[in-house]
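User: I'm new to this one, so could you take me through a single part of it up close? I'd like to hear about a sheet and how its strands sit together.

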Amino acid sequence: MSDGQPSGRPGGPAGRPLLSLALVEMMEGVQAHSGAVYLLAHDEPVLEIAVMAGLPRTFAAPWERVGLSAPIPVADAARERRLVWVGGEEEMASRYPRVAVVLPYPFAVAALPLATETAVYGAVFVTWPGSHPRELAGPERDRLATACRDLAGRLERLARESRTLPPEPDLPSVPPDGGGSGTPGSVEAVRMAGRLPYGLCSLDLHGRIGFANPAAADLIGVPVSGLLGTQLWAAVPWLNDPVYEDRYRAALISQRITSFVALRPPGDWLSFRLYPGRSGLSVRISRARAVADTVRSGPDGDGTPSRLVTISTVLSLASALTEAASVKDIVQLVADEVAPAVGGQGVALLTSRGGRMHVLGHRGYPDTHAVERFDGTPMSEPTPGVQALNSAVPAFFESREALERLYPARHTTPDGFSAWAYLPLIASGRPVGTCVLAYTERHAFPTDERAVLSSLGGLIALALERALLYDAKHQLAHGLQAALLPSSLPPLPGVDAAARYLPGTRGMDIGGDFYDLVPATGTAVAVIGDVQGHNVTAAGLMGQIRTAVRAYTTVGQPPHEVMRSTNRLLIELGSDLFASCLYLRLDPARGRAVMARAGHPPPLLRRPDGQVRVLDLAGGPLLGIDGAAVYPTTEVDLTPGSVLVLYTDGLIESPGIDIEDALTELSERLCRAGHLPPDELAEELMRRGAAEGERPDDVALLVLRATG
């Protein structure tokens, strides 16, 4: 993706406020009530808000600076160069849960890329109240697309001319209707409001009080002079609760009337009703007639203003971190979402193991060796990463001089950055690692920013602890699975073979699917099966079945007896699990194969002429159900050039796909690719399963080609 951001290039200013005017025209053209223009940074894949209209920028604080890979509408629009439409809060919760956690209100949003044929310059979003239809109308779609194309064209011309975009202020709302201040009508309106028995306040988009009548001051207990110019929840201690501020946010975003009830100490309950408009809010305050015990009262409060923006940012990042499963996911997420949110450009995650520091992962370092050389550093070494990990105390260095003053050795190990935050990651009372955030420019770390970074460190620590445990279980599961399956296939006379196995993506990534090839005198045996379940119990039982089949084969039992003996063994083991199985005795010299089946999917046979048959074999029930079950055998021709494909049900079963259709599609792929060598054919047949992001079941595949 080409980066054409003009503001990162030298040259004269662009003149008129291009972005502001374009955004206003766009919003008016589709009657949207808020919007923002993002520009793509010139030196990193990050989108930054350049101008916002209709709502305070604090409403978009968690996404003021986001990576292109972030799962939010504007990032998707820029990355995929398409319009993204979210028609309401339910769809937002389904498609973009991280946004819905922070903004759980009824509203619709459209996001579009600012892109030409050769470059992406950024993205735009506009929002409507929850009353907007669930679908974006065709004229609205066309107007937005045309406006974004025009703006992208202008940005392209500026970039071509090396002209910069000057900073533009965020836009106020549309002016309120009515006469100007001081006119006879407005004076009379003030007098009228002063005579009302209930309180009235006018709030701007930022929540600041522009007008309050005497009744409002009496009810709240703060003089009018103490209210004007302040935010209601900041001026009144007992309203200092994010729950109340949330109602203001809900009213502005949804453009719907909201209300809440609050307790004015010691025992007066007041009702607040908020009437939103595009220029702000009107608030009606009255005494609440009756209040249920379940109504939440405001905190006692100490006068400290609530910081809901910080809460929103932390909520968004916490939601993202809960979705990360592995250490690799954590590293990528911190680089894509945490670092851009706090202005950082580089990220490294460190941990300790065996008395040494280890680098779990890093992003953004110009020279990867600059961070990787610290891997294996003894925990006694005087380095900032080791010190943060040992002391559990964060360290902030606003410049290289500040770092080298405490750690002179860093003078010889530059990493290309100019400021650093070393955050100890403490989970369950113990250190699990250190998160290093690096900045390309000098960076002051004020007290409030240090507090936010330390809080984020706690969230990252919990996610990292979980990810380390997940990775350990993942490695254990794969090690167990690998130990229970053949490490390689033995060479067989007259048969070329290949096998593949893919674990499911749910649970422990371990399952009960198995396969095996067993050489025998003059013949060979192939077996494939599937034990019910995706856990250690299923894997252990699978190992027992595979061993039993080998043993019964080795003593010379015919196919139907091998199946009967294995069935009885499974019942004697007392397991509650069942298993399917397909057993083949191959005789390439005679061109024959004898098969026995226990509730397993039918194999596929490709003839030398390319025709594919689904072998509908006679068979018995699943192993482990009926001790008296019999397993009849079927003999089929296996002429040289024939290909047999044995598989487990994970290859053909997918949610929403008919199994017959899936079997037909597999047969067609075998028909087209059956001429390939077994290894390449196995890769081709497994390709769809490997490409699927979610596999509810594991998959085993065995490909056998008769060579004569």
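Analyst: One term before we start: two strands count as paired if DSSP finds at least two bridges between them. Also keep in mind that this is a predicted model.

Let's begin at the edge of an open sheet. Six strands make it up, lined up as β3-β2-β1-β6-β5-β4, and their pairing is antiparallel. The two edge strands, each with a partner on one side only, are β3 (65-67) and β4 (84-86). On average, neighbouring strands in this sheet are turned by 20° against each other, ignoring direction.

Now zoom in on β3. Strand β2, covering residues 46-53, pairs with β3 in the antiparallel sense, over 3 bridges. For one residue-level match, valine 46 has glycine 67 in β3 as its bridge partner.

For contrast, hop along the chain to β27, residues 699-706. Of its 8 residues, 8 are buried, so this strand is largely enclosed by the rest of the structure. In a regular strand, side chains alternate between the two faces of the sheet. In β27, Val699, Leu701, Val703 and Arg705 point one way, while Ala700, Leu702, Leu704 and Ala706 point the other way.

What does β27 pair with? Strand β18 (residues 495-502) runs antiparallel to β27 and is joined to it by 8 bridges. Strand β26 (residues 643-647) is antiparallel to β27 as well, with 5 bridges joining them. Leucine 704 in β27 makes a handy landmark: alanine 497 stands opposite it, and so does leucine 644.

Key. Residues are numbered from 1 along each chain as its sequence is written. This is a predicted model: local features need pLDDT of at least 70, side-chain atom pairs count only at pLDDT 80 or more; totals for chains, interfaces and linings use all residues. Side-chain values use heavy atoms; hydrogens and water are left out. Helices (H or I, at least four residues) and strands (E, at least two) are DSSP runs, numbered from the N terminus. Axes are lines fitted to C-alpha atoms, for helices over the stretch in contact, and angles run from 0 to 180 degrees between N-to-C directions. Buried means under 20% relative accessible area, exposed over 50%, partly exposed in between (1.4 Å probe, protein chains only).
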